[in-house]
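Reader: Hey, got a minute to walk me through this one? I'd like to hear about the packing and any cross-links.

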Amino acid sequence: MMNYKFYILSCVLLGIQGCVTSTSSKVNLQDYLQQFIGQSAQQIQQNLDLKSLGYQVLDQPSITEKQLTYTILRPMNIPTPIVSNVDIGGNAIPLQLGNYSANSYDVNFNCKIIFNLNHQIAESIQYQGKAC
């Protein structure tokens with residue numbers, strides 16, 4: 001029990017998100033998407049629900065003769081701490097000013113899920129982007 005408390009405390013102090021594992025099982029996206037291979041683009045659009053899996057999806061998917069593309073957005077808040085050096089007796093000591101939430105910027109990474117189509121039937125899936 002003591003090791004568990006130390007682990008949680010370490011995660012909080014280091015600011016690492018996702019240290020504590022959730023008891024709920026998250027669906028593996030790639031495994032989930034495999035069930036759509038062999039289905040028509042229309043069936044995929046009717047049945048694929050990435051929002052219910054907790055993903056933020058960009059509007060409607062785009063479709064061409066050869067591809068059906070979904071875009072998942074992964075917003076991230078990147079902290080940018082402001083550090084100033086304080087001179088104490090000839091030694092410069094870094095001192096953080098402000099908090100991380102006030103000094104940050106938001107970035108939206110995305111992942112494109114591309115169903116490769118042949119005669120409007122999904123034959124394969126490919127992924128593009130830094131958030132895949």
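Author: Sure. One term up front: a residue counts as buried when its relative accessible area is under 20%. Also, this is a predicted model.

Reader: Okay, so is Phe115 buried or exposed?

Author: Phe115 has a relative accessible area of 0%, so it is buried.

Reader: And which ring does Phe115 pair with, and in what geometry?

Author: Its partner is Tyr70. The ring centres sit 6.3 Å apart with the planes at 80 degrees, so the pair is edge-to-face. Tyr70 is in strand E3 (residues 67-79) and Phe115 in strand E6, so the contact ties together parts 45 residues apart in sequence. Tyr70 is buried too, at 5%.

Reader: How many aromatic pairs does the structure hold?

Author: Three. One of them is Tyr32 with Phe36, edge-to-face, at 5.5 Å centre to centre and 75 degrees between the planes. Tyr32 is buried with a relative accessible area of 16%, and Phe36 is buried at 3%.

Reader: Which residues form the aromatic cluster?

Author: Tyr32, Phe36, Tyr70 and Phe115 make up one cluster.

Reader: Switching to the nonpolar core. How many residues are in the largest one, and which have the most contacts inside it?

Author: The largest nonpolar core has 20 residues. Those with the most contacts inside it are Leu33, Ile44, Leu48, Leu50, Tyr70, Ile113 and Phe115. At least two residues each come from helix H2 (29-34), helix H3 (41-47), E3, E6 and E7. E6 gives the largest share, four residues.

Reader: What does Ile113 touch?

Author: Leaving out residues up to four places away in sequence, its contacts include Leu29, Leu33, Leu50, Leu68, Tyr70, Ile72 and Ile125. Thr69, Gln126 and Tyr127 are also among them.

Reader: Cool. Now cross-links: how many disulfides does a search of the whole structure find?

Author: One. Cys111 and Cys132 form it, with their sulfur atoms 2.1 Å apart.

Reader: Which parts of the chain does that pair link?

Author: Distant ones: Cys111 is in strand E6 (residues 104-118), while Cys132 is in the segment after strand E7 (121-128), 21 residues apart.

Reader: And why is the disulfide called right-handed?

Author: The torsion about the S-S bond of Cys111 and Cys132 is about 105 degrees, so the disulfide is right-handed.

Reader: Last one: is Cys111 buried or exposed?

Author: Buried, with a relative accessible area of 2%.

Technical notes: Residues are numbered from 1 along each chain as its sequence is written. This is a predicted model: local features need pLDDT of at least 70, side-chain atom pairs count only at pLDDT 80 or more; totals for chains, interfaces and linings use all residues. Side-chain values use heavy atoms; hydrogens and water are left out. A disulfide is a pair of cysteine sulfur atoms within 2.5 Å. Buried means under 20% relative accessible area, exposed over 50%, partly exposed in between (1.4 Å probe, protein chains only). Rings of Phe, Tyr and Trp (its six-membered ring) pair if their centres lie within 6.5 Å; planes under 30 degrees apart count as stacked, over 60 as edge-to-face and the rest as tilted. A nonpolar core is a set of buried Ala, Val, Leu, Ile, Met, Phe, Trp, Tyr and Cys residues joined through side-chain atoms within 4.5 Å. Contact means heavy atoms within 4.5 Å.
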